[in-house]
Amino acid sequence: MGFFKNPISAQQNEDGSYDPSPFTLLVGTSKTTGYVQQEYDVKYTGTKPILVVCTDESLLEMENKKKFSTGNHPVEMYLPLLHFRDAGFAFDIATQNGGAVKLEMWAFPSNDENVKKLHEDMKAMLEKPKKLGDISSLDGYSAIFIPGGHGAIINLPSSVELGKLLHMAHDQGLPTVTLCHGPAALLSTCTEGLDKAFAYDGYDIMCFTDKTDGMTPWVGYLPGHMPWKVQEVLEAKGVKVLNKSEKGDVKQDRELITGDSHNAANNLGKFAAPILVKYAVEHKL
């Protein structure tokens, strides 16, 4: 009986952290994605990359003190990047501390050749990203992209360095793309030590709902309840979350382009890529 795995219980790793349950991995992840290369009449031909802000934290302490093995969700990261690449963009990777990017590898689509190749092509950047504090200006960038995954809620919402960059992007109207739990990083614009107001008061967005986060411990996706509620905190700052569930919806409000979950990763990439190209062309980036 010691070898039995409860299919709806989060699975403990040797380091004491927890992966999602076998049941949620079966129904909530896939070995392939819906990526299909798009054709663009106009592509970006400039030299300014997209700044991709990732997490270098992999352990999220839940309300019950159990630690969830997390990071950026690979589908939420790589599908938009594939579409941005197809539209002509290159990438710079940055994390809060300059540490290696952490990914939820239990969600990696291991049979998707396009994702696998991009992952390999970016491996050097993922292992040695820039440090957010070393980026003093957005003059060298064409957009900002913040992938989701529960890891995005650990140290990015409290990052003064990210908050400064997002205020610059907001003031400039620089396209800012994020999805799922990535919108939590928007809270960095009013974090302690920055002495600035929340930049996105009054914006309409898509993000992962507190309702779904509250349900997932019961089927073992999370090993406990969330330490804080992302949607609730964002809405308290003046954001309007439009989605009631996670169906793959996307939304643009001014410079901010958002998606509701990993289900939106493909849609978000296809939707955002031409917007980023149009902005770059119009602003001669």
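Select Leu-234 to begin: beyond its neighbours up to four places away in sequence, Leu-234 touches Pro-183, Ala-184, Leu-187, Phe-198, Ile-205, Cys-207 and Val-239. The model on display is a predicted one, and the tour proceeds from this residue outward.

**The largest nonpolar core**

Next, add Leu-51, Val-53, Leu-138, Ile-144, Tyr-200 and Ile-205 to the selection. Together with Leu-234, these are the residues that touch the most other members of the largest nonpolar core, which holds 40 residues. Which elements give two or more residues to this core? They are strand E3 (50-53), strand E8 (143-146), helix H5 (160-172) and helix H7 (230-236). Colour H5 separately, as the largest share of the core, four residues, comes from this helix.

A second core, separate from the one just viewed, has 39 residues. To locate this second core, select Val-75, Met-122, Ala-265 and Ile-275, which are among its members.

**Helices H2 and H8**

Display helix H2 (residues 74-86) together with helix H8 (residues 265-282). Their axes come within 8 Å and cross at roughly 35°, and the crossing is right-handed. To view the contact from the H2 side, select Val-75, Glu-76, Leu-79, Pro-80, His-83 and Phe-84. The residues of H8 that meet them are Ala-265, Asn-266, Leu-268, Gly-269, Lys-270, Ala-272, Ala-273 and Leu-276. Colouring the contact by class shows nine nonpolar, three polar and two charged residues.

**Two buried residues in these helices**

Select Asn-266, a residue of helix H8. Is Asn-266 buried or exposed? Asn-266 counts as buried because its relative accessibility is 14%, under the 20% cut-off. A polar atom of the Asn-266 side chain lies 3.1 Å from the backbone oxygen of Gly-34. Apart from residues up to four places away in sequence, Asn-266 touches Gly-34, Tyr-35, Leu-79 and His-83.

Move now to Asp-86, which is in helix H2. Asp-86 has a relative accessible area of 5% and is therefore buried. With residues up to four places away in sequence left out, the residues that Asp-86 touches are Tyr-35, Gln-37, Gln-38, Tyr-40 and Lys-43. Tyr-35 thus appears in the contact list of Asp-86 and in that of Asn-266.

**The loop between E9 and E10**

Select the loop between strand E9 (176-179) and strand E10 (204-205), where Asp-195 lies. Asp-195 is not a glycine, yet has a positive phi of about 60°. The relative accessible area of Asp-195 is 77%, so this residue is exposed.

Gly-193 is found in this loop between E9 and E10 as well. Gly-193 is also exposed, with a relative accessible area of 66%. For a view across the model, draw a distance from the C-alpha atom of Gly-193 to that of Thr-47: the two are separated by 33 Å, and the residues are 146 apart along the chain.

**The loop between E12 and E13**

The last stop is Arg-254, in the loop between strand E12 (250-253) and strand E13 (256-259). What is the phi of Arg-254? It is positive, about 55°, although Arg-254 is not a glycine. Arg-254 is partly exposed, with a relative accessible area of 48%.

Note on methods. Residues numbered from 1 in each chain as written. Predicted model: local features only at pLDDT ≥ 70, side-chain atom pairs only at ≥ 80, totals over all residues. Heavy atoms only, no water. Axes fitted to C-alpha atoms, helices over the stretch in contact; angles between N-to-C directions. Left-handed = near helix turned anticlockwise from the far one by under 90°. Contact = heavy atoms within 4.5 Å. Nonpolar A, V, L, I, M, F, W, Y, C, P; charged D, E, K, R; others polar. Core = buried A, V, L, I, M, F, W, Y, C linked by side-chain atoms within 4.5 Å. Buried < 20%, exposed > 50% of the residue type's maximum accessible area, 1.4 Å probe, protein only. Polar contact = N/O pair within 3.5 Å; in protein donor to acceptor, adjacent residues only side chain to side chain.
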